[in-house]
Amino acid sequence: MALGLMCQYLSQKSKKNGSIIYDNIIDEKSLQLGAWKAGKYSDDKILETYRNNIKTHIDFFPILVKENIKNFRISSSLFPLFEFVGNIAKEDKLIIDGLKTLGRLFKQNNIRVTCHPGQFTVLSSDKDSVVENSIKELQYHAWVFDMMQFAENNFYAINIHGGKSDRTQRLIDVIKSLPSNVKNRLTLENDERCYNVKNLLDIHKETGVPIVFDSHHHSFGDNDYDFECSFRSCVDTWNVKPLQHISNTEPGLENASYSQRRSHSDYIHYVNPLQLDAIQKDLIDLDVEAKMKNFALHKMRKDFHIFS
């Protein structure tokens, strides 16, 4: 019963005034595009950042094992500015060895690893430059998974949204053109505005790309199949264990603005019975997209009797 931890692990701390703060103990370092363009980063500085970000994941690993977390979304910011300076990483033995070590740890402990490239990864864009940059972004994630020596299948999902609406054929054509190490890991997630489950099923039929069912997005969509049909149809698109997402509207905001209702809640307060039954029976993996990260995951285990 794998509930997914999303990119961060929060540690609770008390300040002198009695207030509580939360820090992410996965201490990833970042690099800024503007500073790089201004020549403020040497190659050594970039390599130091990349090596740190691998090391902090390796150092964090015992917590994943101790807390029996079997599904982890790795940050897309593992190697910031990779699209500009990626060859520095590809030629560095310490980085390659570090990724192999990290991959070995995940595989030895049977932990599923996925990623979720950002909102600017749009394969259905009308602009060729946007599509080209999106493919580069996907190739970066695929390279990381290759270096971790992960299999080329959707168990190690590279998950994206459909992108620009009403561009189904464009999306299909671009997906078919992708390198195999990207396409074989690619998954598509439903959303409430551009590509609902009904739309994505048409794309799946043409490409074989499975659908990550997001129950929160589904609750805001119009003209889609009902929950049961959407849930079961998405499950049927997978050849490995299906991956799904869950979040809620924060309690008390049910009548608030659209954006407030759509935002992820701190914790999980409601799970549709079909989705709950599937996770309890270990038929799906479920990413917990809640702001309180590991605190939300552990509370969900307790509240909904999910004993993974």
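Okay, let's start with strand 10, residues 285–288, which is covered on both faces. Asp285 and Asp287 are on one side, Leu286 and Val288 are on the other, and all of them are buried. Before I go on, please keep in mind that this is a predicted model.

So who sits beside strand 10? Strand 9, residues 243–246, pairs with strand 10 in the parallel sense, over four bridges. Strand 1, residues 3–6, also pairs with strand 10 in the parallel sense, over two bridges. Have a look at Asp287 in your viewer. His245 stands opposite Asp287, and Gly4 stands opposite Asp287 as well.

Let's move over to strand 1. Leu3 and Leu5 point one way from this strand, while Gly4 and Met6 point the other way. Are those four buried or exposed? They are all buried. Strand 1 has another parallel partner, strand 4, residues 71–73, with three bridges joining the two. If you want one contact to find on screen, take Leu5, whose bridge partner in strand 4 is Phe72.

Just ahead of strand 10 you'll find Ile284, in the loop between helix 12 (273–280) and strand 10. You might expect a loop residue to stick out, so check the number: Ile284 has 1% relative accessibility, and therefore counts as buried. Here's something you can check with the distance tool: Ile284 and Val240 are 44 residues apart in sequence, and their C-alpha atoms are 9.5 Å apart in space.

Now for the aromatic rings. How many aromatic pairs does a search of the whole structure find? The count is 20. One of them is Phe82 with Tyr140, a tilted pair with 4.6 Å centre to centre and 35° between the planes. Phe82 is in helix 3 (residues 82–90) and Tyr140 is in helix 5 (residues 128–147), so this pair ties together parts that are 58 residues apart in sequence. Phe82 is buried, at a relative accessible area of 7%, and for Tyr140 the figure is 7% too, so Tyr140 is buried.

Compare that with Phe145 and Phe150, which form an edge-to-face pair: 5.4 Å centre to centre, with 65° between the planes. Both of these residues are buried. They also belong to one aromatic cluster, made up of Tyr9, Phe60, Phe61, Phe72, Phe106, Phe145, Phe150, Phe155 and Tyr156. Phe72 should sound familiar: in strand 4, Phe72 is the bridge partner of Leu5.

Rings can have charged company too. The charged end of Lys198 sits over the ring of Tyr225, 5.1 Å from its centre. Lys299 has its charged end over the ring of Tyr267, 5.9 Å from the centre.

Next, empty space. Rolling a probe the size of a water molecule over the atoms shows where empty space is left. In this model, a search of the whole structure finds one cavity of 30 Å³ or more. The largest cavity holds about 40 Å³ of space. Which residues line the largest cavity? They are Ile74, Ser75, Leu78, Cys115, Tyr140, His141, Val144 and Phe145. Tyr140 is the ring that pairs with Phe82, and Phe145 is the one that pairs with Phe150. By class, the lining has six nonpolar residues, two polar ones and no charged ones.

Last stop, two backbone angles. Asn223 has a phi near 60°, which is a positive value in a residue other than glycine. Where is Asn223 found? In the loop between helix 9 (215–220) and helix 10 (227–235). Is Asn223 buried or exposed? Exposed, with a relative accessible area of 68%. So put Asn223, exposed at 68%, beside Ile284, buried at 1%, and you have two loop residues to look at on screen. The other angle belongs to His305, with phi near 55°, again positive in a residue other than glycine. His305 lies in the segment after helix 13 (293–303).

That's my tour, and I'm happy to take questions.

Methods: Residues are numbered from 1 along each chain as its sequence is written. This is a predicted model: local features need pLDDT of at least 70, side-chain atom pairs count only at pLDDT 80 or more; totals for chains, interfaces and linings use all residues. Side-chain values use heavy atoms; hydrogens and water are left out. Rings of Phe, Tyr and Trp (its six-membered ring) pair if their centres lie within 6.5 Å; planes under 30 degrees apart count as stacked, over 60 as edge-to-face and the rest as tilted. Buried means under 20% relative accessible area, exposed over 50%, partly exposed in between (1.4 Å probe, protein chains only). A charge sits over a ring if NZ of Lys or CZ of Arg is within 6 Å of the ring centre and within 35 degrees of the ring normal. On a 1 Å grid over the protein atoms alone, a cavity is a set of points where a 1.4 Å probe fits but cannot get out, and a pocket is an open set with protein on both sides within 12 Å along at least five of seven lines; lining residues have an atom within 4 Å of a point. Grid points are joined across faces, edges and corners, and a volume is the space filled by probe spheres set on the points. Ala, Val, Leu, Ile, Met, Phe, Trp, Tyr, Cys and Pro count as nonpolar, Asp, Glu, Lys and Arg as charged, and the others, Gly among them, as polar. Two strands pair if DSSP finds at least two bridges between them.
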